[in-house]
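Thank you all for making the time this morning. I would like to walk you through a structure, one region after another, and I will put it on the screen now.

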Amino acid sequence: MTPSHALLEDPSLFINRELSWIEFNRHVLEESKDKKHPLLERVKFLAIFSNNLDEFFMIRISGLYRQIAEGVMKAPADGLSPSQQLDAIYERLTPLIREMARIWYEEILPDLEEAGIYIHSYEMLSVNAQKNLRDYFKREIFPALTPLMFDKSHPFPSISNLSINLAIITKEKRDTGEFFNRLKVPTELFPRFLSIPSYSDNEGTSNPGESHFVFLEDVIAENLDLLFPGVEVVAAYPFRVTRDADIEIEEDEADDLLTTIEEAIGRRRMGMPVRLEICEWMDTAVCSMIRGKLSKSSHMFYRTSAPLGMTDLFGLLEIGRPDLKYPPFLPSVPSWLESDRDIFASIKEKDTILFHPYESFQPVVTFLQRAARDPNVLAIKMTLYRTGAKSAIIDALKEALDNEKAVTVIVELKARFDEKNNIGWAKALEHAGVHVVYGIGGLKVHAKICLVVRREPEGIVRYVHMSSGNYNTETSRIYTDIGLFTANPEIGSDASNLFNVLTGSAHFIGYNHLMVAPMMIRRDILALINEEIIHHAEHENGHIIFKVNALQDKEIIQALYRASQAGVKVDLQVRGVCCIRPGVEEMSDTISVSSIIGRFLEHSRIYYFHSGGKDIVYMGSADLMPRNLNRRVEILFPILDPDVKAIILQTLLPLHMRDNVHAWVMDSSGMYTREIPSQDTEIIDAQDWMFKHRGIWNDCREKDSFHIKR
């Protein structure tokens, strides 16, 4: 049965994007409770949960407020207006924030203390520790503090994005009137967790193996008498403001994109308020005053008993306790990268994939370094989206220029929260003489591709690296990404044509193999889904597998519903936002949705179509979201080599689809439950399997493979 167009427009078939994201972040929070993770790794999950929330408010919630302010009435596919979304978001987030506080106080703190790591409240410190901290406050912190009073002659102070502040109430000792003061906690100058060296309790007991900390704001709050001499400090309440940090740029009106973005970054600190967090014990009158100045909506207002800015928990990971973290591991290095081998000959001989972080990112760096030094290399072209603070990639590009190669780099200045870093790299590359292009007007260049042009005896050969992940050595150790090296002439031709579009005035041309967004990826994915429906009608073995970060696009979701109605088996593994409903009777009975949340951030994208036995596989940078398909330059590249395809189909995809340790499974309501294997079920932990088999996994065929089941 084929569903009618009207039926596929039913809003109940689509899960709201923001609510789906909150459900994903709930999984992250749940990981902080899982004692299978080492203790400081659990702390990290709590920090990630908080950091995710900060970005959610700065970007997604701010977008909803802008829609309301601009009178946008059009609802997304799920039918919820911006105001209705804010209502639902507040209802979903409030219990999660309470749960975060409970986990911190009832699970994490006791476990930290058991491990010899103490986060003290100031009033419970020993007399000697308080004295030492007061001396430190006088000597180091006091000179950096600037209290700002608010009254009829003093305007309400500007409060920057994500800063932690103290609302301080003072009064003259002989006067009943109270005064409001705001004090910014200088976390950019001092650690949020102040270490207490040589700590001993009131009985003089100490343990050299222990670590003792106190929150910076607690030290300041308990020593305010030094900052306000001659007046009474009545109370001090922590609060925190989150502001709109999305950069909107009218590129058509920007004479200089780089300068325009630099100016926009500066404005990010003081964007529109979108969230006000206050401590649970804040006085009602003080709360009302701050709320009146900053919060325009009840949806912005969050009381919490947890410390504000839990993202700062990342600082605890610096404690020298390797026993409380995952043991470090060395990723494997493929045999074809042995020092005495010609990397170009190896790539030319056979397509090769690298699956990070299990396999080293070093071959990508080496590829560029050897290209920079090879006298036969004529040109290097690549895209840079997020590169990292210290980049061997950048060094290799500069070296290539010194060696008189033609070097062209497309730097995406609009990579959110990496704009400043990318501006720095762009300027450094331009200063070195590299031809730098700042993307395409109106689009983000999110594609991950590098092209090396080499002169060889038989003529020009193009070597291409493409990936789902960024050219970033730091994230390559914590994100799971897949990259492909190939010297396929037709893909090399596609790469050349793509760079001509990105750097010149060339218009869209047909590609041999690459899918390129905008325009092509949605069209081609829809065509492949429709072909799968046709093949299934003939062979009854239709099977689609998508492993992606997000699935939101309405047209793609409707096509997958049509495929399920036709009987095609559809397995979706979506790490984050997923707006399709699996298991809806007579609509999505054959659709399953799962998500893996584990030690590493699942970041790879794989698209599989059985296609009547042809087994079509694409990988690349694109998720199935309107922004990726409409407003970004993305690529999906095919896996043409039969051996590489066998690795993906016999090991990688089925291994991850059958994970029953870190997988969460969605039901038709959009809620997830953790997969729990029964006693007689084989335990499959995809990330652990890949970790243990690194260096040999790509040689697995029969003994250790997980064949796709239909």
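Before I point at anything, a word on naming: when I say helix, I mean a DSSP run of at least four residues, numbered from the N terminus. Please also keep in mind that this is a predicted model.

With that in hand, Arg26 can be placed in helix H2. At 18% relative accessibility, Arg26 counts as buried, because the cut-off for buried is under 20%. Its side chain is joined to that of Glu23 by a polar contact of 2.5 Å, and, leaving aside residues up to four places away in sequence, Arg26 touches Leu96, Trp664, Met671 and Tyr672.

That brings me to the helix pair. Two packed helices are described by the angle between their axes and the distance between the axes. Here, helix H2, residues 17-31, and helix H4, residues 82-114, have axes that come within 10 Å and cross at roughly 5°, and the two helices are therefore roughly parallel to each other. On the H2 side the contact is made by Glu18, Leu19, Ile22, Arg26 and Leu29, which meet a set of H4 residues including Gln85, Ala88, Arg92, Leu96 and Ile103. Sorted by class, this contact has nine nonpolar, one polar and four charged residues.

Let me stay for a moment with Ala88, which lies in helix H4. Ala88 counts as buried, at 16% relative accessibility, and its C-alpha is 9.7 Å from that of His299, although the two residues are 211 apart in sequence.

Moving along the chain, where is Val434 found? Val434 is in the loop between helix H12, residues 419-432, and strand E13, residues 435-437, and this loop residue is buried, with a relative accessible area of 5%. Setting aside residues up to four places away in sequence, Val434 touches Leu397, Leu401, Val407, Val409 and Leu429. The C-alpha of Asp402, a residue 32 positions away in sequence, is 9.8 Å from the C-alpha of Val434.

Finally, the nonpolar cores. Which members of the largest nonpolar core touch the most other members? In that core of 95 residues, they are Ile529 and Phe546. Not counting residues up to four places away in sequence, the contacts of Phe546 include Ile525, Ile529, Leu560, Phe609 and Met657, and also Asp571 and Gln573. Apart from the largest core lies another, of 50 residues, among them Val453, Ile482, Val633 and Leu653.

Definitions and conventions: Residues numbered from 1 in each chain as written. Predicted model: local features only at pLDDT ≥ 70, side-chain atom pairs only at ≥ 80, totals over all residues. Heavy atoms only, no water. Axes fitted to C-alpha atoms, helices over the stretch in contact; angles between N-to-C directions. Parallel < 35°, antiparallel > 145°, perpendicular 65-115°, else oblique. Contact = heavy atoms within 4.5 Å. Nonpolar A, V, L, I, M, F, W, Y, C, P; charged D, E, K, R; others polar. Buried < 20%, exposed > 50% of the residue type's maximum accessible area, 1.4 Å probe, protein only. Polar contact = N/O pair within 3.5 Å; in protein donor to acceptor, adjacent residues only side chain to side chain. Core = buried A, V, L, I, M, F, W, Y, C linked by side-chain atoms within 4.5 Å.
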